[in-house]
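Student: I would like to learn how to read a model of this kind, one feature after another. Where do we begin?

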Amino acid sequence: MKKTIAIQGAQGSNHHKVAIDFYGDNIQLIECMSFDALVESLLKGEANIGVMALENTIAGSIIPNYALIDSNNLHIIEEEYLNIHHHLMALKEQNINDIKEVWSHPMALLQCKEFFKSYPHIKLVEDVDTAEVAKRIAKENLTGIAAIAPKIAAEIFGLQVLEDEIQTIKDNSTRFVIVQTTEPKNGIDQINKASLKFQLDHKRGSLATILNVLSDCKMNLTKIQSLPVIETPWKYSFFVDITFDEYKDYQKAESIIKIMAEEFKVLGTYKNGRK
């Protein structure tokens, strides 16, 4: 039975590549042009699982996605760190001197800005999604227009790659998470990472105390992100990722934080995706 997977963006995007990495080619995609639409497809039962980017080594955290996962009670079941490669592509039998405009997502344009300084005749145009532009170029037979997109998009839509690896910073990766509406049944032997959310009383040293608990319980803190609590000015929720060697150590840390925090929630326990 095919899995129905909601992705942000179009077929041929990095979200699509992550879906293939986990579940192979025998999948049914729901293409969503926003993360809100992706979550909506999960809540309506149109998709079994969703692929969401959560942070990037250059751009940092995609903060609204933390709130989407939390407020809609989604569960993180897996993660992948994907190296991001940007390729310039267009219709076949064109070269870079034929290109007048490049359309792509604003982040892709920003990450490739240095490359285009050598081609001042090319106008950079912000668009909704990298792969969706590649699809449009092929479908509408647009000459003189190029897209910045993953190489998989050129393969799917029959485009020609004009230039490979045009990103300014070559070591650029994005962390993607796999989410679903139901709590997963990951075996203890598969779990060595957890994503947690908690709120603390606004007292001096309250966060430091929690961090000390994590350290004492042999947790390795890999991420901490604060978000304001909308209903209460100047109060914050903390989202943390921790890794560990022994599940029993994690259980101990969880039980202590539950007592200390005003609000505590497990967003997911899963296998660490870092190689």
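Tutor: Begin with a helix and its covered side. In helix α3 (residues 63-71), the buried residues are Asn 65, Tyr 66, Leu 68, Ile 69 and Asp 70. Keep in mind that this is a predicted model.

Student: What is the general idea behind reading a helix this way?

Tutor: An α-helix has 3.6 residues a turn, so residues three or four places apart point the same way. As for what comes after α3, the helix is followed by Asn 73, whose phi is positive, near 55°.

Student: Which residues touch the most other members of the largest nonpolar core?

Tutor: The core has 33 residues, and Val 51, Met 52, Ile 69 and Val 179 touch the most other members. Strand β3 (residues 49-56) supplies the largest share of this core, five residues. Ile 69 thus appears twice in our reading: it is among the buried residues of α3 and among the core residues just listed.

Student: With which residues is Val 179 in contact, leaving aside its neighbours within four places in sequence?

Tutor: Its contacts are Leu 42, Ile 49, Gly 50, Met 52, Ile 69, Leu 74, His 75 and Ile 76. Apart from this core lies another, of 20 residues, which includes Ala 194, Leu 200, Ile 242 and Tyr 250.

Student: Now the sheets. How is strand order read?

Tutor: Start from the pairing. Strands of a sheet pair through backbone hydrogen bonds, either parallel or antiparallel. Here, five strands form an open sheet with mixed pairing, in the order β8-β7-β9-β6-β10.

Student: Why is one side of β8 and of β10 left without a neighbour in the sheet?

Tutor: β8 (123-126) and β10 (160-163) stand at the edges and each has a single partner strand, so one side of each lacks a neighbour in the sheet. Neighbouring strands of this sheet are turned by 35° against each other on average, direction ignored.

Student: How many bridges join β7 to β8?

Tutor: Four bridges join strand β7 (residues 101-104) to β8, and the two run parallel. Within this pair, Trp 103 stands opposite Val 125 in β8. A helix also belongs to the picture: α5 (residues 130-140) lies across β6 (87-90), β7 and β9 (145-149), running at about 145° to β9.

Student: Is strand β1 mostly covered or uncovered?

Tutor: Strand β1 (residues 3-8) is mostly covered, with five of its six residues buried. β1 pairs with strand β2 (residues 27-32) in the parallel sense over six bridges, and Lys 3 stands opposite Ile 27 in β2.

Student: That leaves empty space. What is the volume of the largest cavity?

Tutor: The largest cavity has a volume of about 60 Å³, and the count comes to one cavity of 30 Å³ or more. Its lining includes Tyr 66, Ile 69, Arg 175, Ser 195 and Asp 241. The elements that give two or more residues to this lining are α3, β12 (193-199) and β14 (236-243); the largest share, three residues, comes from β14.

Student: Which residues lie nearest the centre of the largest pocket?

Tutor: Gln 8, His 15, Ala 53, His 105 and Met 107 lie nearest the centre, out of 22 lining residues. The largest pocket holds about 490 Å³ of space. Two or more lining residues come from each of α1 (14-23), β3, α4 (106-111) and β11 (173-180), and α4 gives the most, with three residues.

Key: Residues are numbered from 1 along each chain as its sequence is written. This is a predicted model: local features need pLDDT of at least 70, side-chain atom pairs count only at pLDDT 80 or more; totals for chains, interfaces and linings use all residues. Side-chain values use heavy atoms; hydrogens and water are left out. Two strands pair if DSSP finds at least two bridges between them. Axes are lines fitted to C-alpha atoms, for helices over the stretch in contact, and angles run from 0 to 180 degrees between N-to-C directions. Contact means heavy atoms within 4.5 Å. Buried means under 20% relative accessible area, exposed over 50%, partly exposed in between (1.4 Å probe, protein chains only). A nonpolar core is a set of buried Ala, Val, Leu, Ile, Met, Phe, Trp, Tyr and Cys residues joined through side-chain atoms within 4.5 Å. On a 1 Å grid over the protein atoms alone, a cavity is a set of points where a 1.4 Å probe fits but cannot get out, and a pocket is an open set with protein on both sides within 12 Å along at least five of seven lines; lining residues have an atom within 4 Å of a point. Grid points are joined across faces, edges and corners, and a volume is the space filled by probe spheres set on the points.
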